[in-house]
Amino acid sequence: MNQLPAALLQSLENLPGFDKEAFEKVHQSGEQITSIRLNPNKLSIENCQLSIDNKIPWSLHGYYLSSRPSFTLDPLFHAGAYYVQEASSMFLEEALKQTVDLIKPVKVLDLCAAPGGKSTLIQSLISDESLLVSNEVIKTRVNVLSENITKWGAANVIVTNNDPEDFQRLENYFDVIVVDAPCSGSGLFRKDNEAIDEWNEKNVELCNQRQQRILADVLPALKEDGILIYSTCSYSKEEDEEICNWLVKNYSLSTIHYQLKKEWNIVETKSPATNAYGYRFYPDKVKGEGFFIAAFKKLLVANSKQQVKNHRNKTEKLSAKEVEVIKPYLKNVADFSFIKLKEETIAMPLHLENDLLTIQSCLYIKKAGVKIGTIIRNELIPDHELALSTIINDKVAVVEADEQTALQYLRRAELKLDVNFKGWALLTYKQIPLGWIKVLTGRVNNYYPKDWRILNK
């Protein structure tokens with residue numbers, strides 16, 4: 001491994017919990033930790049065949065693996081049965097559980113969401129009545145975010161591609177805003193050796209300024225009494241404690257104190273300037289990478305504006321006849337609003353329809369709810385989103401594949417299956433859907449998305 005920057009080590013010298021010798025040793029060890037988080041709607045630990053080592057202590061569905069498999073060659077990875085996520089960052093789960101009543105319907109914004117680890121975690125925690133807006137600022141990264149949200153299968157998520165300041169149009173709208181801010185990345189040096197050479201003090205300062213700008217832009221969208229959760233994968237105090245100080249000094253925010261278990265070895269920090277709490281994860285103390293997290297509650301402000309009014313955009317909905325066409329594909333048709341977007345139909349939970357219209361009037365939406373497909377001559381051409389969703393009817397025709405067939409399907413290759421019926425069917429692996437096939441006389445058509453196919457032979 002490349003030598004750690006001397007300027008970084010020097011800047012950490014007096015920070016709580018920093019042990020230079022242990023810190024350098026763990027970075028030179030070459031140890032690589034692999035961790036996953038199961039999708040509770042698709043896979044249980046009893047049915048997981050990966051090499052599970054230990055449970056991640058602050059995550060209900062998070063596990064360490066004893067070795068890193070080829071995830072590309074595991075069909076369940078492509079089915080959204082689990083997400084490969086760094087263990088320290090899964091502490092977001094504990095952060096939310098200790099600050100938010102997750103039984104109640106809440107509106108959550110994940111502002112810097114790509115590639116989707118924190119958004120899929122949040123979705124697993126919130127109720128079906130809640131809404132998650134998963135946003136990515138960078139256009140080139142929003143496709144991978146949409147793909148991972150699709151794989152997770154939930155209907156109560158809207159993916160957007162907007163700058164933080166755009167959310168000011170949704171004033172006092174969200175109960176929770178999560179900002180996993182762009183940072184200098186020193187916490188991930190063990191995973192990305194090249195990042196060591198790119199690190200410098202000037203970039204840390206630039207990140208500090210960008211983090212302030214992002215937070216200042218998005219804070220108007222947080223409701224009074226709402227929760228802001230801020231995190232980075234940086235060790236630098238300029239991006240961590242100093243941002244917490246800046247937030248408390250400049251905005252109507254109060255710091256939140258978390259209850260930690262001693263055996264977690266998470267280091268609590270408390271700023272003498274504002275008494276703002278922060279939580280540091282050092283790889284020589286926890287089984288994970290470098291991470292920082294802090295939370296705040298937005299205080300009541302006199303003469304503040306009320307929550308944004310609903311914007312009633314006109315939407316085209318399916319006719320009763322068209323709903324009958326898609327009815328066999330869904331568990332509970334009455335729970336959804338079916339909206340036409342161009343030639344395609346999306347299913348949005350009925351209770352979230354007004355929120356969709358409001359957000360549509362303010363933001364650029366990349367994906368919303370579950371894309372059902374296209375109706376042509378009274379037949380549904382089902383979309384891949386429907387195949388991977390948790391709203392699909394259990395009575396849809398299914399063809400179970402072995403591992404080799406599943407991988408052929410994921411390569412979008414020709415399939416040879418012995419099937420005694422015709423029509424649309426879900427191809428499943430270990431009873432978990434991978435996508436659609438259409439059985440015709442003498443052949444089976446593979447409908448796996450071309451852009452998603454795996455190239456690994």
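Which residue in β21 does Glu-400 stand opposite? The partner is Thr-428. Before we go further, keep in mind that this is a predicted model.

**The open sheet**

Glu-400 takes us straight to a small piece of architecture. β20 and strand β21 (residues 423-429) run in the parallel sense, paired over 3 bridges. They belong to an open sheet of 4 strands, ordered β20-β21-β22-β23, with mixed pairing. Strands of a sheet pair through backbone hydrogen bonds, and they can do so parallel or antiparallel. At the edges you'll find β20 (398-400) and β23 (443-446); each has a single partner strand, so one side of each has no neighbour in the sheet. Going from one strand to the next, the twist averages 40 degrees. There's a helix on this sheet too: α13 (residues 403-410) packs on it and touches β21, β22 (432-440) and β23. The direction of α13 makes about 80 degrees with that of β22.

**The nonpolar cores**

Now for the inside of the protein. In soluble globular proteins, nonpolar side chains tend to be buried together. Here the largest nonpolar core has 42 residues, and Trp-58, Ile-229 and Phe-281 have the most contacts inside it. Elements giving two or more residues to this core include α4 (92-97), α6 (142-152), β7 (157-160) and β8 (174-180), along with α5, β9, β12 and β13.

Trp-58 is a good spot to zoom in on. Setting aside its neighbours within four places in sequence, Trp-58 is in contact with a string of residues, among them Tyr-64, Met-90, Phe-91, Trp-264, Ile-266, Phe-281 and Val-286. Polar or charged names turn up on that list as well, including Ser-88, Glu-93 and Glu-94. Apart from this core lies another one of 39 residues, with Val-179, Leu-219, Phe-296 and Ile-359 among them.

**Helix α9 and the cysteines**

Which residues of helix α9 (residues 241-250) are buried? They are Glu-241, Ile-243, Cys-244, Asn-245, Trp-246 and Leu-247. The cover over them includes two neighbours in α8 (201-218) and β9 (222-232), plus β10 (253-255), β11 (267-270), β12 (277-281) and β13 (291-298).

How many disulfides are there? The count comes to 0. Cys-244 is in no disulfide, and the nearest cysteine sulfur, that of Cys-183, is 13 Å away. Since a pair needs its sulfur atoms within 2.5 Å, that one doesn't qualify. Cys-244 counts as buried because its relative accessible area is 1%. Cys-48 is buried as well, at 12% relative accessibility.

**Backbone oddities**

A few spots in the backbone are worth a look. Ala-114 and Pro-115 are joined by a cis peptide bond, with omega at about 5 degrees. Pro-115 sits in the loop between β5 (107-110) and α5 (117-125).

Two residues that are not glycine have a positive phi. Here they are side by side:

| Residue | Phi | Location | Relative accessibility |
|---|---|---|---|
| Asp-225 | near 70 degrees | strand β9 | 46%, partly exposed |
| Asn-275 | about 60 degrees | loop between β11 and β12 | 43%, partly exposed |

Asp-225 lies in strand β9, an element that also gives residues to the largest nonpolar core. Asn-275 is in a loop instead, the one between β11 and β12.

Notes
Residues numbered from 1 in each chain as written. Heavy atoms only, no water. Buried < 20%, exposed > 50% of the residue type's maximum accessible area, 1.4 Å probe, protein only. Contact = heavy atoms within 4.5 Å. Pairing = 2+ DSSP bridges. Axes fitted to C-alpha atoms, helices over the stretch in contact; angles between N-to-C directions. Core = buried A, V, L, I, M, F, W, Y, C linked by side-chain atoms within 4.5 Å.
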